[in-house]
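Work through the following exercises with the sequence and the model open beside you. Try each task on your own before you read its solution.

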Amino acid sequence: RPELESDRRHGRTLRRPTQREPTRPSARSCATGAQASRNHTNFGLGARTGVTQRQRRVEPSASVRPEGASFIGGSHLIAGRLAGAIDLNAPTYREFHRESAQPHRLDHYIIAASPTLSAEAWNLNSMCGIAGYYLKTPDMGRARLEEMARRLAHRGPDGQGFHALGGVGLAHTRLAIIDLAGGAQPLYNEDRNLCLIANGEIYNHLELRRELEKLGHRFSTHSDCETILHAYETWGEASLDRLHGMFAFALHDTQHQELLLARDRLGIKPLYFSQTPDGFGFASELKALLPLLGRPEVDPVGLAQYLQNNFSCAPHTLLAGASKLRPGEWLKIDSNGSVRRQRYWSPLHTTPLDLALADALERFDSLIEQVIEIHLRSDVPFGLFLSGGVDSSLLAALIARRAPEPLRTFSIGFPGTSVHNE
């Protein structure tokens, strides 16, 4: 049995392996071990990788992240900007440590941050942003569209793109993860009668690309999001059933004068919308809708939900007149202004599998291996948020096996409180 060692710096117990314990981690071994303990044991980092930890102080001038790295964290993998996210010279800098783990070459950074530190101060909320509208009369000056994009500039540090045709305007702020040189948005199909802006990532884009190319489609970029365009051109709304990923997108069909919005199955990527006397607007964040909403008012139901749950349930938001698109839902607006909505996926519609525990564990091992494999497709380096819980530790163990270079993991805490520490 693994012996228990106390790690006083973290105030938690780490399981470290004996020589007889295998060093190759598996989803089942990590998950099964986790069931035996109710504390925050770091199974992925300690028990199954056979690590020995060393710690040193990183000086404020040290550069710890390459340009254009991407975050992976939580119970799913999340792309985000690492470059410039840690400013060790900032007033909020308190303490920074690095731990080196062998044999899987995992570099772990522990950050004690100021309780007043914001996500924007660390640039941790960098990701693509989308916004746009379908107005009853064309917006000749495009001023509102540019103002909406300006309010999302923090999400996309790598560029902006616009599409305006008739009453439809689309804006995109980009964080480059795949096809850094050629993946700028908006994206168009071969005939340029479909235009797309998207936030997120399509993990099975390589498989979809091969299938669509066999059907005669020609791709102009290596962007994963371009598969959305050609898939919709081939299968319509049914293409959403084929997309595996986290996404929120807007697609303008210029031939039929329709605008389609869609959100991934679990609602990982946000998408807000509003209907006003002038028309219809949407955005990745509420504040980007303000140029269309005018003077905002509070939605009492959304506020009550936020105060009770720390979030508002779709379709409610904090602002009256603004709604969230539900997870697994698409919405379509036509030239007459009529709106259709439909859920294309719900967990209530899934069919349970009648499997024995051993078969279920075997199936889980296979599935999580597949998921990790396609989630690691990226043209920039990886990083992992490591909380010490079972899910992030499992990810660390599985990803470290595949990473061609040392995997960088980060734990962030706030001195004097354990609330929201990760």
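**Exercise 1. Two helices**

In which sense, left-handed or right-handed, does α9 pass α10?

*Solution.* A word on the material comes before the first step: this is a predicted model, in which local features need pLDDT of at least 70 and side-chain atom pairs count only at pLDDT 80 or more, while totals for chains, interfaces and linings use all residues. Residues are numbered from 1 along each chain as its sequence is written, and side-chain values use heavy atoms, with hydrogens and water left out.

Begin by finding the two elements, remembering that helices (H or I, at least four residues) and strands (E, at least two) are DSSP runs numbered from the N terminus. Helix α9 covers residues 357–375 and helix α10 covers residues 390–402.

Two packed helices are described by the angle between their axes and the distance between the axes. Here the axes come within 11 Å and cross at roughly 60 degrees; axes are lines fitted to C-alpha atoms, for helices over the stretch in contact, and angles run from 0 to 180 degrees between N-to-C directions.

The crossing of α9 and α10 is right-handed, a word used if the near helix is turned clockwise from the far one by less than a right angle, with anticlockwise giving left-handed.

Finally, list the residues in contact (heavy atoms within 4.5 Å): I368, E369, I372 and E373 of α9 meet L394, L395, L398, I399, R401 and R402 of α10.

**Exercise 2. An open sheet**

Give the strand order of the open sheet of six strands, and then describe its edge.

*Solution.* The order is β8-β9-β7-β15-β14-β16, and the pairing is antiparallel; two strands pair if DSSP finds at least two bridges between them. At the edges are β8 (160–165) and β16 (322–324), each of which pairs on one side only. On average, neighbouring strands of this sheet are turned by 15 degrees against each other, direction ignored.

Now follow β8 to its partner: six antiparallel bridges link β8 to β9, residues 168–173, and Q160 stands opposite T173 of β9. Helix α4 (residues 143–150) lies across β7 (129–135), β8, β9 and β15 (279–283), and runs at about 155 degrees to β7.

**Exercise 3. A covered strand and its partners**

How many of the nine residues of β12 are buried, and which strands pair with β12?

*Solution.* Eight of the nine residues of β12 (residues 245–253) are buried, where buried means under 20% relative accessible area, exposed over 50% and partly exposed in between, computed with a 1.4 Å probe and protein chains only.

Strand β11 (residues 194–202) pairs with β12 in the antiparallel sense over nine bridges, and A250 in β12 is the bridge partner of I197. Strand β13 (residues 258–263) also pairs with β12 in the antiparallel sense, over six bridges, and there A250 stands opposite L261. The hairpin of β12 and β13 has four residues between the strands, and in this hairpin Q257 takes a positive phi near 55 degrees.

**Exercise 4. Buried polar side chains**

Which backbone nitrogen does the side chain of D224 reach, and which side chains make polar contacts with that of K332?

*Solution.* Start with D224, which is placed in the loop between α5 and α6 and is buried, with a relative accessible area of 5%. The side chain of D224 reaches the backbone nitrogen of I202 at 2.8 Å. D224 and I202 are 22 residues apart in sequence, yet 5.7 Å apart in space from C-alpha to C-alpha.

T221 lies in the loop between α5 (205–214) and α6 (226–235) and counts as buried at 11% relative accessibility. The side chain of T221 reaches the backbone nitrogen of S223 at 3.1 Å.

Then turn to K332, in strand β17 (residues 329–333), which counts as buried at 6% relative accessibility. Its side chain makes a polar contact with that of Y232 at 3.2 Å, and another polar contact, of 2.3 Å, joins the side chains of K332 and E237. A polar contact is a pair of N or O atoms within 3.5 Å; within protein, one must be able to donate a hydrogen and the other to accept it, and residues adjacent in sequence count only if both atoms are side-chain atoms.
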